[in-house]
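The following exercises concern a single protein chain. Each one sets a task and then works through its solution step by step.

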Amino acid sequence: SNRRPDTLEFLTAFGQRDSHAITLATGEPNRSRRAGTPYCRITWREIVQLAKAPAAAEKAQAQFVIPSIYAACDGRSHEAQRERGQFGMLAVDIDKGNPTAAEVSQALGAVLGPVASLIYSSSSSTPDLRKWRVLIPLAEVLLGADYPDTQKSLFAALEDRGIVCDPALARAGQPVFLPNVPLAKRGGDDLPRFYQSHHTPGQ
């Protein structure tokens with residue numbers, strides 16, 4: 001597919017327990033009224049706007065994205081996304097090393113060239129221990145079967161430049177939490193005590 005990344009709609013849900021699967025991973029039937037229904041969707045542009053004003057949800061309700069346009073009721077399944085997923089973004093989770101946003105951006109540029117990206121601090125970040133999520137829109141969708149190896153190659157290239165990535169995001173159905181700073185990490189003015197984001201327009 002050659003659809004522009006800003007026209008794609010990606011699977012999104014709210015909290016780890018937000019499952020629309022008919023049968024849960026435990027083998028028990030899903031008694032949620034959403035069982036069997038498609039997931040909500042979110043666009044790249046909406047994610048970029050969210051980074052400018054992060055949500056204030058508790059972790060149990062925090063919004064996440066799976067960077068695939070496959071959003072059927074089994075869309076949180078790694079197997080389903082490997083078989084039927086079509087990915088319009090790559091994703092990186094950086095929880096170690098305490099790099100600055102500039103260092104992450106420089107490493108991305110060295111590996112990928114002048115591409116578009118969105119870097120934002122995770123909800124557990126502090127000024128002394130910075131953690132980042134990175135989303136990189138793709139010019140063409142990537143089949144689910146190719147997604148894990150592509151992610152692993154990106155992680156390896158970034159680690160060669162000092163950026164240590166969480167390997168869990170190589171799994172096709174792994175959630176990527178979107179910009180969020182819970183109320184407990186905001187001041188009396190409701191502003192985040194620590195939050196940074198950096199959107200780089202590009203190819």
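Strands are DSSP runs of E with at least two residues, numbered from the N terminus. The model is predicted.

**Exercise 1. Determine in which strand Leu90 lies, and whether Leu90 is buried or exposed.**

Solution.
1. Leu90 belongs to strand β4, which comprises residues 86-94.
2. A residue counts as buried when its relative accessible area is under 20%.
3. The relative accessible area of Leu90 is 7%, and Leu90 is therefore buried.
4. Beyond the neighbours within four places in sequence, the residues in contact with Leu90 are Val134, Leu135, Ile136, Leu138, Leu142, Tyr147, Thr150, Gln151 and Leu154.
5. For a separation in space, take Arg45: its C-alpha is 15 Å from that of Leu90, and the two are 45 residues apart in sequence.

**Exercise 2. Establish which residues of helix α3 are buried, where they sit around the axis, and what covers them.**

Solution.
1. Helix α3 runs over residues 101-112, 12 residues in total. From first to last C-alpha it reaches 16 Å, close to the 16 Å expected at 1.5 Å a residue.
2. Ala101, Val104, Ala107 and Leu108 are the buried residues of α3.
3. Because these residues cover an arc of only 130° around the axis, they are on the same side of α3.
4. The general rule is that an α-helix has 3.6 residues a turn, so residues three or four places apart point the same way.
5. The cover over the buried residues of α3 includes β4, β5 (117-121), β6 (132-143) and α4 (147-159).
6. After α3 comes Gly113, with a positive phi near 85°.

**Exercise 3. Describe the largest pocket and the second largest pocket by volume and by lining.**

Solution.
1. The largest pocket holds about 430 Å³ of space. It is lined by 20 residues, of which Lys59, Ser122, Ser123, Arg133 and Phe177 are the closest to its centre.
2. Sorted by class, this lining of the largest pocket has nine nonpolar, seven polar and four charged residues.
3. The second largest pocket holds about 300 Å³. Of its 16 lining residues, Ser19, Ala21, Leu24, Ala25 and Arg76 are the closest to its centre.
4. The lining of the second largest pocket has six nonpolar, eight polar and two charged residues.

**Exercise 4. State the volume of the largest cavity and identify the residues that line it.**

Solution.
1. The volume of the largest cavity is about 30 Å³.
2. Its lining consists of Leu50, Ala55, Ala57, Ala62, Gln63, Leu178, Pro179 and Asn180.
3. By class, six of the residues lining the largest cavity are nonpolar, two are polar and none is charged.

Terms used:
Residues are numbered from 1 along each chain as its sequence is written. This is a predicted model: local features need pLDDT of at least 70, side-chain atom pairs count only at pLDDT 80 or more; totals for chains, interfaces and linings use all residues. Side-chain values use heavy atoms; hydrogens and water are left out. On a 1 Å grid over the protein atoms alone, a cavity is a set of points where a 1.4 Å probe fits but cannot get out, and a pocket is an open set with protein on both sides within 12 Å along at least five of seven lines; lining residues have an atom within 4 Å of a point. Grid points are joined across faces, edges and corners, and a volume is the space filled by probe spheres set on the points. Ala, Val, Leu, Ile, Met, Phe, Trp, Tyr, Cys and Pro count as nonpolar, Asp, Glu, Lys and Arg as charged, and the others, Gly among them, as polar. Helices (H or I, at least four residues) and strands (E, at least two) are DSSP runs, numbered from the N terminus. Buried means under 20% relative accessible area, exposed over 50%, partly exposed in between (1.4 Å probe, protein chains only). Contact means heavy atoms within 4.5 Å. The expected span of a helix is 1.5 Å times one less than its number of residues. The arc is that of the directions from the helix axis to the C-beta atoms.
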